[in-house]
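Here are some notes to go with the structure below. Have it open while you read, since the points move from place to place.

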Amino acid sequence: MATGRTHRPATRSRGIPEATVARLPLYLRALTALSERSVPTVSSEELAAAAGVNSAKLRKDFSYLGSYGTRGVGYDVEYLVYQISRELGLTQDWPVVIVGIGNLGAALANYGGFASRGFRVAALIDADPAMAGKPVAGIPVQHTDDLEKIISDNGVHIGVIATPAGAAQQVSERLIAAGVTSILNFAPTVLSVPDGVDVRKVDLSIELQILAFHEQRKAGEEAAAVAGAAGDVVTPPPLRAAAAASRKGPDGDVPAVMPA
């Protein structure tokens, strides 16, 4: 399809910044939604808004791929889907193993987005002998005793860890020794891995704590706004606590006004 764009093939030798790589899946998700609605072209402003970035950053990111939109027309949606999929390595099938089939692992196994995005769940692995042979998402669970053979037989290079924190490091070491070079870690712990192994950590509790911080800040700003409208002076709770602590002595509270 002729679109009037200038195109330079993307090459690894040019180097793409990690920040750009992290945004490519966001663009792909937005583009896939447009493709499913049979939208032929999209402007940088529209695509940036759908992906949650600014349009200048999007155009800079796409320049690393050698992709430039046509003035007055925008970007060809199907072409960009292919181009970004190719850059992310999603034009081939990636077998994945999930280790730890508790509630989270089972939920991941049932996630339908893997197959549509170029990933195939090749095996489910768990240390509980009672789980062996039980089907989850139509795949029989296998015991960790067979982990190395499973990795080898399926040519797996990507592993997902959904075990308790105490087991995650040992599982990662076994995965790496068996040939896995990329790990998605859902266990609430930091993994120690050798050079050449990529780890992406997903910690839901940390994300919730960050949201709690923002909620607390918004509540403080709202309280300050209300007090300001009423003409009151509001001391934030952390400052009130610090002020109270400064008035503490070894024998208890220090009076606000000391006697002469």
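**Notes on the fold**

1. Let's start in a sheet: Leu 124 sits across from Val 141 of strand 6. Strand 4 (119-126) and strand 6 (139-143) pair in the parallel sense, with 3 bridges; two strands pair if DSSP finds at least two bridges between them. Strand 3 is also joined to strand 4, again in parallel, by 6 bridges. There, Val 96 has Val 121 in strand 4 as its bridge partner.

2. A word on what you're looking at: this is a predicted model, so local features need pLDDT of at least 70 and side-chain atom pairs count only at pLDDT 80 or more, while totals for chains, interfaces and linings use all residues. Residues are numbered from 1 along each chain as its sequence is written, and side-chain values use heavy atoms, with hydrogens and water left out.

3. How enclosed is strand 4? Of its 8 residues, 6 are buried, so the rest of the structure largely encloses strand 4. Buried means under 20% relative accessible area, exposed over 50%, and partly exposed in between (1.4 Å probe, protein chains only). In the protein, 33% of the 260 residues are buried.

4. The protein has 10 helices and 11 strands. These are DSSP runs numbered from the N terminus: helices are H or I with at least four residues, strands E with at least two.

5. Helix 7 (residues 147-154) is a nice one to turn around on screen. Leu 147, Ile 150 and Ile 151 are buried there. They cover an arc of only 100 degrees around the axis, so they lie on the same side of helix 7; the arc is that of the directions from the helix axis to the C-beta atoms. The face turned away from that buried side carries Lys 149, Ser 152 and Asp 153, which are exposed. The buried residues of helix 7 pack against strand 3 (94-99), strand 4, strand 6 and helix 8 (165-178). After helix 7 comes Gly 155, with a positive phi near 60 degrees.

6. Which residues have the most contacts inside the largest nonpolar core? They are Tyr 27, Leu 31, Val 42, Leu 47, Leu 58, Phe 62 and Ile 84, in a core of 21 residues. Such a core is a set of buried Ala, Val, Leu, Ile, Met, Phe, Trp, Tyr and Cys residues joined through side-chain atoms within 4.5 Å. Helix 1 gives the largest share of this core, 6 residues. Another core lies apart from it, with 18 residues, including Ile 150 and Val 197.

7. Take Leu 47 as an example: leaving aside neighbours within four places in sequence, its contacts (heavy atoms within 4.5 Å) include Tyr 27, Leu 58, Phe 62 and Leu 80.

8. Finally, the rings: the whole structure has 3 aromatic pairs. Rings of Phe, Tyr and Trp (its six-membered ring) pair if their centres lie within 6.5 Å; planes under 30 degrees apart count as stacked, over 60 as edge-to-face and the rest as tilted. Tyr 27 and Phe 62 are edge-to-face, 5.1 Å centre to centre with 75 degrees between the planes. This pair links distant parts of the chain, Tyr 27 in helix 1 (residues 18-36) and Phe 62 in helix 3 (residues 55-65), 35 residues apart. Tyr 27 is buried, at 0% relative accessible area, and Phe 62 is buried at 0% too. Ring pairs also link Tyr 27, Phe 62 and Tyr 75 into a cluster.
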